[in-house]
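The following exercises are to be worked through with the sequence and the structure at hand. Each task is followed by a solution in steps.

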Amino acid sequence: MKIAYITAGAGSMVCGSCIQDNALAGALQKRGHDALLMPIYTPLRTDEESVASTKVFYGAISIYLEQKVPWFRYLPQAAHGWLARPSLLRRIAASSSAVNAKSLGELTVSMLKGEEGRQARDLQELEDWLATEFQPEIVHLTNSMLLGMAPRLKSRLGVPVVCSLQGEDIFLQDLQPEYRERAHQILQQRAREVDRLVSTSDYYARHMAEYLDVPLEQISVARIGINLDGHGSDNRPLRPRPSGAPLVVGFLARICPEKGLHDLLSAFRILCERAPEADLRLRVAGYLGGRDRKYLKEQLRRVSEWGLENRFEYLGEVSRSEKIAFLGGLDVLSVPTVYEEPKGLFVLEALANAVPVVLPAHGAFPELIEDLGGGLLVEPGSHEALADGLETLLLDPERREVLGRRGQDTVREKFTADALAARTETIYQELLSDGGQRGASLSTS
């Protein structure tokens with residue numbers, strides 16, 4: 001099967017969606033498919049070996065200038081090609097801060113308008129290349145912000161178009177009101193023009209069916225999966241807990257308000273107040289974008305005011321090997337997201353290393369914990385409830401061991417990159433065999 005998987009580069013950030021897209025494309029290739037991972041905006045950045053093409057469509061610099069400078073759209077193709085060089089895009093991405101939705105409303109609406117938007121030239125280049133150079137049997141878009149491409153790609157290529165749903169409504173909520181409403185309207189229209197939508201969880205399928213105003217039967221569910229290379233390779237916890245060693249709570253996610261580090265800090269303070277003599281530590285790792293530096297500074301100020309500097313450590317962004325080592329040194333992982341998380345890749349990564357999790361009971365977390373059996377759910381937004389959940393596991397090493405092992409076994413059985421590829425492959429085969437007319441709202445797990 002020839003699959004064109006179009007994925008959005010996230011600039012200098014290693015994001016969960018990029019890791020997931022790369023893992024899926026690599027696993028599809030290993031299953032014998034000609035799966036081409038095609039980055040747009042910027043080159044793909046993951047903490048694993050990238051399988052993405054080096055050619056970048058919809059170069060971030062060009063599409064921005066097309067939006068802001070009308071005459072730029074009429075420059076020769078050579079000028080656009082020069083600005084889309086991967087080396088230049090990587091340098092620009094490395095020097096820029098995280099994407100701020102508040103400044104991208106106009107561009108978002110234009111992209112969703114597809115051939116009627118100011119990036120029509122980029123769409124033409126993409127469809128020409130696919131039609132003449134690759135000739136796919138199926139096109140897969142990484143998120144609904146790319147649905148503006150779908151009608152033209154379907155018409156020109158004559159193949160099914162699939163679109164993943166990975167949390168993009170959270171991005172839309174941050175747009176300025178006038179652009180948010182317009183983008184939502186166009187998105188609802190475009191969602192009806194695609195052959196199949198694919199969600200990362202049952203929760204998010206239900207949520208997006210309502211948000212996009214489409215039948216739930218139009219949305220398939222392909223649960224997330226990870227590349228297990230290096231993760232708890234002997235199917236045991238990475239290290240036994242030595243007698244007298246500190247008890248370590250971990251946080252592994254992007255450093256931003258949405259991921260809830262401030263709530264975890266408040267819960268950790270409660271733990272320390274309950275047991276002032278206990279040797280408790282909080283270790284934090286994750287990407288920090290420019291717009292969130294003030295947020296981290298505020299959290300560090302709180303840590304200092306509470307006198308917890310010796311119990312807290314921020315490691316910054318970590319490589320894959322550093323991430324696995326980081327997880328191996330934890331007793332419990334908690335990422336108490338403020339928003340309702342649609343994926344939760346860090347849950348799989350922790351449990352792959354036999355580290356149990358404590359999470360708020362919202363979004364995809366309840367079904368993940370039900371399937372994986374590797375952690376506890378607590379009341380969302382409650383610092384006391386989060387502290388109670390953490391305390392329950394920290395005081396019970398036997399339960400931590402049982403939950404960690406149970407989760408580790410389930411990740412290895414059902415939540416690998418190959419399992420994700422098998423679920424996605426089933427969706428592709430269904431579309432190719434019957435034109436995508438069959439309902440598919442049930443999980444393909």
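Two strands pair if DSSP finds at least two bridges between them. The model examined here is a predicted one.

**Exercise 1. Describe the overall make-up of the protein chain.**

Step 1. Begin with the secondary structure: the protein chain holds 18 helices and 13 strands.

Step 2. Turn to burial. Among the 445 residues of the protein chain, 58% count as buried.

Step 3. Consider the surface, where the protein chain exposes about 18200 Å². Carbon and sulfur atoms supply 50% of this area.

Step 4. Consider the contacts with a separation of 6 or more: residues 24 or more positions apart account for 73% of them.

**Exercise 2. Trace the path of the chain from strand 8 to strand 10.**

Step 1. Locate strand 8 at residues 247-252 and strand 9 at residues 280-285; the two run parallel and are joined by six bridges. Within this pair, L247 stands opposite L280 of strand 9.

Step 2. Follow the connection. From strand 8 the chain passes through helix 11 (residues 261-274) to strand 9, a right-handed β-α-β crossover.

Step 3. Examine the next pair: strand 9 and strand 10 (residues 312-314) are parallel, with three bridges. Here L282 stands opposite F312 in strand 10.

Step 4. Follow the second connection. The chain leads from strand 9 through helix 12 (residues 293-305) to strand 10, and this β-α-β crossover is right-handed.

**Exercise 3. Determine which residues of helix 5 and helix 15 are buried, and what follows each helix.**

Step 1. Helix 5 comprises residues 105-112, and seven of its eight residues are buried. The buried residues are G105, L107, T108, V109, S110, M111 and L112.

Step 2. After helix 5 comes G114, with a positive phi near 60°.

Step 3. In helix 15 (residues 365-372), the buried residues are F365, E367, L368, I369 and L372. To read such a pattern, recall that an α-helix has 3.6 residues a turn, so residues three or four places apart point the same way.

Step 4. Identify the cover: the elements over the buried residues of helix 15 include helix 10, helix 14, strand 12, strand 13 and helix 17.

Step 5. Helix 15 is followed by G373, whose phi is positive, near 65°.

**Exercise 4. Compare the settings of Y41 and Q135.**

Step 1. Most residues other than glycine have a negative phi. Y41, however, has a positive phi near 75°, and Q135 has a positive phi near 50°.

Step 2. Place each residue. Y41 lies in strand 2 (residues 34-41), whereas Q135 lies in the loop between helix 6 (120-134) and strand 4 (138-141).

Step 3. Is Y41 buried or exposed? The cut-off for a buried residue is under 20% relative accessible area. Y41 has 18% relative accessibility and therefore counts as buried.

Step 4. Apply the other cut-off, over 50% for an exposed residue. Q135 has 52% relative accessibility, so Q135 counts as exposed.

**Exercise 5. Describe the surroundings of F346.**

Step 1. F346 belongs to helix 14. With 7% relative accessibility, F346 counts as buried.

Step 2. Which residues are in contact with F346, leaving aside its neighbours within four places in sequence? They are L252, L333, V335, T337, E341, L359 and F365.

Step 3. Take one of these contacts, L333. L333 and F346 are 13 residues apart along the chain, and their C-alpha atoms are separated by 8.8 Å.

How values were computed
Residues numbered from 1 in each chain as written. Predicted model: local features only at pLDDT ≥ 70, side-chain atom pairs only at ≥ 80, totals over all residues. Heavy atoms only, no water. Helix = DSSP H or I, 4+ residues; strand = E, 2+ residues; numbered from the N terminus. Buried < 20%, exposed > 50% of the residue type's maximum accessible area, 1.4 Å probe, protein only. Contact = heavy atoms within 4.5 Å. Areas by Shrake-Rupley, 256 points an atom, 1.4 Å probe, with all protein chains shown as cover. Right-handed = clockwise from strand over helix to strand, strands pointing away.
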